Amino acid sequence: MHIKLNNKVVLVTGASRGIGREIAKQLGAAGAKVAVHYGRSSEEAVSLCKEIGRGAEAFRADLADAGEAHALFKNVVAEYGQIDILVNNAGIAVLSEVEGEYDEWLSDWNRTMDINTRASAILIRSAIPHFKQHGGGKIINIASRAAFRGDTEEYLAYAASKGAMVSLSRSVARAYGKENITSFVIAPGFVRTDMAQDAIDAYGEDYVVGGLALNKLTEPKDVAPMVVLLASGLADHATGNSIDINAASYVH
Ligand SMILES: NC(=O)c1ccc[n+]([C@@H]2O[C@H](COP(=O)([O-])OP(=O)(O)OC[C@H]3O[C@@H](n4cnc5c(N)ncnc54)[C@H](OP(=O)(O)O)[C@@H]3O)[C@@H](O)[C@H]2O)c1
């Protein structure tokens, strides 16, 4: 199977680092024109665009801000004329003590929902009419096994934000499939990125790997090929699905 994404424009959120960076690289290697979204890591985003080539450009937006999330889709369309595939990857995992100070907990909850869920919903809302106008499109949402398994007490907001992403994705798949719009979820477990590093540091890599069925920690390069496959259209009849990529640490 040889996947070619030539003439496809893909917006990858949170492409400056971690999983999103590898997704952007592999989509670019398959021929796509990649809109590399970033929040704070501008140098990383610009260097990635150079590495990918093929017209890849960096777009800044703080996804905690609804207005910036809304403008992001428009800015990419203004530059490239269209978007064919949206990858909602940007996210945060904030450690927040349930029994800690209420105001702090509420602020963590709101920030998590704003970035992980609301920004994804805003981008999806922008994508739907655009995709309808252009004969279809694909949405690939990077959620987490936490959406299905749940998480520890410090990550209630994180798990809930990813659960919302799953039901949002399934609803879009059901509602817009006839318009050639497909929507998928990928549910990773621990992946070696800055986000997972705190847990790896706290518990040790052996402990984290001990929870997996395989002998090594999942890397971004183990997640990205599935995104390329879903983006290709070869798996359209899996629309609505959530695909576990977590080394059998939680299979739903
Ligand atoms: N790593 C894991 O173990 C794991 C497991 C399950 C699911 N996931 C999910 O996979 C996705 C990627 O995670 P990762 O591990 O690659 O995380 P990461 O290394 O921490 O990277 C996060 C990315 O999201 C962007 N981002 C965060 N907050 C933002 C904001 N307010 N505005 C704009 N961009 C923002 C960052 O951009 P800047 O640096 O440019 O601000 C960065 O590119 C997330 O949705 C995460 O929940 C990760």
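Two strands count as paired when DSSP finds at least two bridges between them. With that in hand, β4 (85–88) is a handy place to start in this predicted model. Four bridges join β4 to strand β5 (residues 137–142), and the two run parallel. Within that pairing, N88 sits opposite N141 of β5. β4 also pairs with strand β1 (residues 9–12), again in the parallel sense, this time over three bridges. Here V10 has I85 as its bridge partner in β4.

What about the two faces of β4? In a regular strand the side chains alternate between the two faces of the sheet. Both faces of β4 turn out to be covered, with I85 and V87 buried on one side and L86 and N88 buried on the other.

V10 turns up again in the nonpolar core. The largest such core has 69 residues, and V10, V12, L27, V34 and V36 are the ones that touch the most other members. As a general matter, nonpolar side chains tend to be buried together in soluble globular proteins. Take V34 as an example: setting aside neighbours within four places in sequence, its contacts are V10, V12, A24, L27, G28, I52 and A56.

One of those contacts, I52, leads to helix α2 (residues 42–52), where the buried residues are A45, L48, C49 and I52. Viewed down the axis of α2, these buried residues fall within an arc of 100°, so they line one face of the helix. E43 and K50, on the other side of α2, are exposed. The cover over the buried residues of α2 includes α1, β2 (33–38) and β3 (57–60). Right after α2 comes G53, with a positive phi near 65°.

Now for the ligand. The shell around it holds 28 residues, the closest being G14, G18, G39, G91 and T193. The elements that supply two or more residues to this shell are α1 (18–29) and α7 (194–203). Sorted by class, the shell has 14 nonpolar, ten polar and four charged residues.

Finally, there is I92, placed in the loop between β4 and α4 (102–133). I92 has 18 other C-beta atoms within 10 Å, and it therefore counts as partly exposed, given that a buried residue needs 20 or more and an exposed one has 12 or fewer. Not counting residues up to four places away in sequence, I92 touches T112, I115 and N116. I92 and Y158 are 66 residues apart in sequence, yet their C-alpha atoms are 7.7 Å apart in space.

Key. Residues numbered from 1 in each chain as written. Predicted model: local features only at pLDDT ≥ 70, side-chain atom pairs only at ≥ 80, totals over all residues. Near = placed C-beta within 6 Å. Nonpolar A, V, L, I, M, F, W, Y, C, P; charged D, E, K, R; others polar. Core = buried A, V, L, I, M, F, W, Y, C linked by C-beta atoms within 7 Å. Contact = placed C-beta atoms within 7 Å. Arc of directions from axis to C-beta.
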